[in-house]
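Trainee: Can we go through a structure together? I would like to start with the whole chain and then look at the details.

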Amino acid sequence: MELHFRSMGEGQPMVILHGVFGTSDNLQTLGKQLAEKYQVYLVDQRNHGASPHSEEFSYEAMAEDLHHLIQKQQLENPIILGHSMGGKVAMFYATQYPEEFDKLIVVDIAPKAYPVHHQQILEALSAVKIDEISSRKEAEEEIKPIIAEPGVRQFLLKNLKRSDDNKGFAWKLNLPVIRDKIENIGKAVDDSKAIEKDVLFISGAKSNYIKKGDEDLIHKIFPSAKIVTIEDAGHWVHAEQPKRLLEEVLSFL
């Protein structure tokens, strides 16, 4: 699949991957800052943003998408940075192509299996009468009874776009497929082989995605992994503590 991406900066290539329900825009500020030292590729993953839709929605498929992008753009020794689902994609890619990247940065997700926990967001998105709304405000009002946090609502509404006839709205993301295959996003990374590369795991202290008990599994797959925790940050580390996140990434690199 030909993924949509934007590139900026010069130097060693760095590919940045967003999480589920997100787009490359979510990590644009971080990308611009890193582009002062690296050639940054901000990517929309399949079924998200401006990238194509597909009935296939799995980590195996997304890792192959990443491989195809790296090969086609002839990226040598890329650094791969992924948040949440994007971090899992990066880990799947690393286990399949251990010689084709330089370093890995995984933001607030572990290689373990996770139970489905996106029901509220799926309920909110499904509540929007996409064929009837005439403004983003109307969409927000339909989401509001389900999603109380204004920041989360704005994050989700970034997925709205004008319809092709410019008379209404449509979703950028492939909502039916993501809804039907959301269980795939909880899948664990293969732990049967060790990847001997430099890897940084960054967790938010207020998040429960990476727990103390996860360190053994992380080091089983990535023996050289460094794990750091950023205080006063939850799952959305790049939004809640952008300066600290940038500092940790640059220090590691």
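Mentor: What follows is a walk through this predicted model, from the whole chain to its sheet, helices and cores.

Trainee: How many helices and strands are there in the protein chain?

Mentor: The protein chain has 10 helices and nine strands. Its radius of gyration is 18 Å, close to the 18 Å that the globule rule gives for 253 residues, so the chain is as compact as a globular protein of that length. Its C-alpha atoms fill a box of roughly 50 × 40 × 35 Å along the principal axes.

Trainee: What share of the 253 residues is buried?

Mentor: Buried residues make up 54% of them. As for contacts with a separation of 6 or more, 73% come from residues 24 or more positions apart.

Trainee: Next topic, the sheet. What is the order of the seven strands?

Mentor: The order is 1-3-2-4-5-8-9, in an open sheet with mixed pairing. Strand 1 (5-8) and strand 9 are the edge strands, and each pairs on one side only. On average, neighbouring strands of this sheet are turned by 15° against each other, direction ignored.

Trainee: And what does "pairing" involve in general?

Mentor: Strands of a sheet pair through backbone hydrogen bonds, in either a parallel or an antiparallel way.

Trainee: Do strand 2 and strand 4 run parallel or antiparallel?

Mentor: Strand 2 (residues 13-17) and strand 4 (residues 79-83) run parallel and are joined by four bridges. Ile 16, for one, has Leu 81 in strand 4 as its bridge partner.

Trainee: What about strand 8 and strand 9, parallel or antiparallel?

Mentor: Strand 8 (residues 198-204) pairs with strand 9 (residues 226-230) in the parallel sense, over five bridges. Between them the chain passes through helix 8 (residues 215-221), and this β-α-β crossover is right-handed. Gly 204 has Ile 230 of strand 9 as its bridge partner.

Trainee: Which strands does helix 3 lie across?

Mentor: Helix 3 (residues 85-96) lies across strand 2, strand 4, strand 5 (103-107) and strand 8. Its direction is at about 140° to strand 4.

Trainee: Now Asp 65. Where is it found, and is it buried or exposed?

Mentor: Asp 65 is found in helix 2 (residues 59-72). Its relative accessibility is 3%, and because the cut-off for buried is under 20%, Asp 65 counts as buried.

Trainee: What is Asp 65 in contact with, leaving aside its neighbours within four places in sequence?

Mentor: With those neighbours left aside, Asp 65 is in contact with Met 1, Leu 3 and Arg 46.

Trainee: Switching to helix 6, which residues in it are buried?

Mentor: In helix 6 (residues 150-157), the buried residues are Arg 153, Phe 155, Leu 156 and Leu 157. The cover over the buried residues of helix 6 includes helix 4 (119-127), helix 5 (136-143), strand 6 (160-162) and strand 7 (169-171).

Trainee: Last topic, the cores. How many residues has the largest nonpolar core?

Mentor: The largest nonpolar core has 63 residues, and those with the most contacts inside it are Phe 21, Ile 80, Leu 104, Phe 201 and Phe 222. Helix 3 gives the most to this core, with seven residues. Apart from this core lies another, of 24 residues, among them Leu 81, Val 107, Val 228 and Ala 233.

Trainee: And what does Phe 222 touch, leaving aside its neighbours within four places in sequence?

Mentor: Phe 222 is then in contact with Met 91, Ala 94, Leu 104, Ile 195, Val 199 and Phe 201.

Definitions and conventions
Residues are numbered from 1 along each chain as its sequence is written. This is a predicted model: local features need pLDDT of at least 70, side-chain atom pairs count only at pLDDT 80 or more; totals for chains, interfaces and linings use all residues. Side-chain values use heavy atoms; hydrogens and water are left out. Helices (H or I, at least four residues) and strands (E, at least two) are DSSP runs, numbered from the N terminus. Buried means under 20% relative accessible area, exposed over 50%, partly exposed in between (1.4 Å probe, protein chains only). Contact means heavy atoms within 4.5 Å. Two strands pair if DSSP finds at least two bridges between them. A crossover is right-handed if, with the strands pointing away from the viewer, the path from the first strand over the helix to the second runs clockwise. Axes are lines fitted to C-alpha atoms, for helices over the stretch in contact, and angles run from 0 to 180 degrees between N-to-C directions. A nonpolar core is a set of buried Ala, Val, Leu, Ile, Met, Phe, Trp, Tyr and Cys residues joined through side-chain atoms within 4.5 Å. The radius of gyration is taken over C-alpha atoms; the globule rule is 2.2 Å times the number of residues to the power 0.38.
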